[in-house]
Amino acid sequence: VTEAFMTFFMVSIYCGIVLSSPWLFYQGWMFIGAGLYPHEKKYVYLYLPLSLGLFLGGVALCEFVVLPLGVHYLLTFNDMLGVEPELRLSEWLTFAITMPLIFGAAFQTPIIMLFLERMGIVDITLYTKNRRMAFFILAIAAALMAAAPDALNMMLLAVPLWGLYEFGILLCRFTPRAASDMDEPDPDEMVEG
């Protein structure tokens, strides 16, 4: 009885968040940026567009390739079993919003790798030495996050994740940590920011 109203309400909330996101990001940046040193702000200005591009790439891949193929597979499977699917609007909306967000978040792999390397938690040799294990873990993650439980949908996420893992290694290799990242910042820098 309330499904149409609740769906309309959810769509309104999501649209409001999306439309107000530039202002929300600006306010968040003003809060966080005030506590960063100038050399830390440089990294944000450099890698934030890359992070946004990767997120949007993951969302686009899911929206235009994975979801249509996944839904087609699931509906074909129902036809094969002779089952008439009962499509509920709220369940479809949750599925159609969650999957692109999962793909967008998964496409942040290179940025996370670079962040861990910059923080000194992980060294680039660990990334290269454990490449097979990383590919295996990414394949399992792709199987768990896939839009449909078939090999094609799993590979539509696993293959880009493998490529992004390699891109993360290249990002770490060609943007090495500067010595100033490991030193204490100059007290004069704190006043300039």
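Let me start with one word: contact here means that heavy atoms lie within 4.5 Å. Keep that in mind, please, as we walk through this predicted model.

So, which residues of helix H1 meet helix H3? On the H1 side they are Glu3, Thr7, Met10, Val11 and Tyr14, and on the H3 side Leu89, Ser90, Leu93, Thr94 and Ile97. H1 covers residues 3–33 and H3 covers residues 89–106. Their axes are 9 Å apart, and the packing angle is about 20°. With that angle, H1 is roughly parallel to H3, because angles under 35 degrees count that way. And what kinds of residue make up this contact of H1 with H3? Six are nonpolar, three are polar and one is charged.

Let's stay there for a moment and pick out Leu89, which sits in helix H3. Is Leu89 buried, exposed or partly exposed? Its relative accessibility is 47%, so Leu89 counts as partly exposed. If we set aside neighbours within four places in sequence, Leu89 is in contact with Glu3 and Thr7. Take Glu3: along the sequence, Leu89 and Glu3 are 86 residues apart, yet from C-alpha to C-alpha they are 7.5 Å apart in space.

Now for the aromatic rings. How many aromatic pairs does the structure hold? There are eight. A pair of aromatic rings is described by two things, the distance of the centres and the angle of the planes. Let's try that on Trp29 and Tyr45. Their ring centres are 5.6 Å apart and their planes stand at 65°, so this pair is edge-to-face. Trp29 belongs to helix H1 and Tyr45 to helix H2, residues 38–81, so we have a pair that links distant parts of the chain, 16 residues apart. How accessible are the two partners? Trp29 is partly exposed, at a relative accessible area of 22%, whereas Tyr45, at 56%, is exposed.

Here is another pair, Phe135 and Tyr165. The centres of these rings are 5.8 Å apart and the planes are at 80°, so this one is edge-to-face too. Phe135 is in helix H6, residues 131–145, and Tyr165 is in helix H7, residues 151–174. The two residues are 30 residues apart, and again distant parts of the chain are linked. Phe135 counts as partly exposed, with 23% relative accessibility, while Tyr165 is buried, with a relative accessible area of 7%. Both of them belong to one aromatic cluster, together with Tyr127 and Trp162.

While we are in helix H7, have a look at Asn153, which is found there. Is Asn153 buried or exposed? At 1% relative accessibility, Asn153 counts as buried, because the cut-off for buried is under 20%. And what does Asn153 touch? Leaving out neighbours within four places in sequence, the contacts of Asn153 are Val66, Leu69, Gly70, Ala146, Ala147 and Ala148.

Next, two residues from helix H2. The first is Val44, which lies in that helix. Val44 has 25% relative accessibility and counts as partly exposed. Beyond neighbours within four places in sequence, Val44 is in contact with Trp29, Leu36 and Pro49. You may remember Trp29 as the ring that pairs with Tyr45. Val44 and Gly33 are 11 residues apart in sequence, with 9.1 Å between their C-alpha atoms.

The other one is Glu63, also placed in helix H2. Its relative accessible area is 36%, which makes Glu63 partly exposed. Not counting residues up to four places away in sequence, Glu63 touches Pro68, Ala96 and Pro100. What about Glu63 and Glu166? They are 103 residues apart along the chain, and their C-alpha atoms are separated by 24 Å.

Last stop, the cysteines. How many disulfides does the structure hold? Zero. Cys62, for one, is in no disulfide, as the nearest cysteine sulfur belongs to Cys15 and is 17 Å away. A disulfide would need the two sulfur atoms within 2.5 Å. Cys62 is also buried, with a relative accessible area of 0%. Cys172 counts as buried as well, at 3% relative accessibility.

That's my tour. Thanks for listening!

Key. Residues are numbered from 1 along each chain as its sequence is written. This is a predicted model: local features need pLDDT of at least 70, side-chain atom pairs count only at pLDDT 80 or more; totals for chains, interfaces and linings use all residues. Side-chain values use heavy atoms; hydrogens and water are left out. Buried means under 20% relative accessible area, exposed over 50%, partly exposed in between (1.4 Å probe, protein chains only). Axes are lines fitted to C-alpha atoms, for helices over the stretch in contact, and angles run from 0 to 180 degrees between N-to-C directions. Helices (H or I, at least four residues) and strands (E, at least two) are DSSP runs, numbered from the N terminus. Angles under 35 degrees count as roughly parallel, over 145 as roughly antiparallel, 65 to 115 as roughly perpendicular and the rest as oblique. Ala, Val, Leu, Ile, Met, Phe, Trp, Tyr, Cys and Pro count as nonpolar, Asp, Glu, Lys and Arg as charged, and the others, Gly among them, as polar. Rings of Phe, Tyr and Trp (its six-membered ring) pair if their centres lie within 6.5 Å; planes under 30 degrees apart count as stacked, over 60 as edge-to-face and the rest as tilted.
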